[in-house]
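Reader: Could you walk me through this one? I'd like to start with the turns and the pairing, then get to the charges.

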Amino acid sequence: MAVTNIGAASSVQIAVRDESGSITDNKTIAMAAGAKTTFVLPTFAPGSAGRRGLVQVTATGGSVAALALRFNGLEFTTLPVVPADPAAAPHP
């Protein structure tokens, strides 16, 4: 997963939820303006290893962009983005 701060310095919360919606890992990282970070999810959030669920990325005081890739052998795909507020989602 990659997260970049596209706005002012901010605190970024990364919450990992399992299929039932329960939080398995919850971490907050400080990101300077323009900063970026990358990590392998099971290493960053050990509770996510071998589980299905979602990753919730929330910025306080700035704006962030995130990209998540899922690998299966030689194949890979991006993970879908689901807005926290569906009413705020762009319409095609």
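Author: Strand 2 and strand 3 form a hairpin with four residues between them, and in that turn G21 has a positive phi of about 95°. Strands here are DSSP runs (E, at least two residues), helices are DSSP runs of H or I with at least four residues, and both are numbered from the N terminus. This is a predicted model, in which local features need pLDDT of at least 70, side-chain atom pairs count only at pLDDT 80 or more, and totals for chains, interfaces and linings use all residues. Residues are numbered from 1 along each chain as its sequence is written, and side-chain values use heavy atoms, with hydrogens and water left out.

Reader: How many bridges hold strand 2 and strand 3 in register, and in which sense do they pair?

Author: Strand 2 (residues 10-18) and strand 3 (residues 23-31) pair over eight bridges in the antiparallel sense, where pairing requires that DSSP finds at least two bridges between two strands. Within that ladder, S11 has A30 as its bridge partner, and V12 stands opposite I29.

Reader: And what order do the strands take in the sheet?

Author: The open sheet has three strands in the order 3-2-5, with antiparallel pairing. Strand 3 and strand 5 (53-60) stand at the edges with a single partner strand each, so one side of each has no neighbour in the sheet. From one strand to the next the twist averages 15°, taken between axes that are lines fitted to C-alpha atoms (for helices over the stretch in contact), with angles from 0 to 180 degrees between N-to-C directions.

Reader: Switching to charges, how many salt bridges are found in the whole structure?

Author: There are two salt bridges in the whole structure, counting a side-chain nitrogen of Lys or Arg within 4 Å of a carboxyl oxygen of Asp or Glu. D18 pairs with R51, with the closest N and O atoms 4.0 Å apart. D18 is in strand 2 and R51 in the loop between helix 1 (41-44) and strand 5, so this pair ties together parts 33 residues apart in sequence. The other links R52 to E19, whose closest N and O atoms are 3.3 Å apart.

Reader: Is D18 buried or exposed, and what about R52 and E19?

Author: D18 is buried, with a relative accessible area of 18%, whereas R52 and E19 are exposed; buried means under 20% relative accessible area, exposed over 50%, and partly exposed in between, with a 1.4 Å probe and protein chains only. R51 is partly exposed at 48%.
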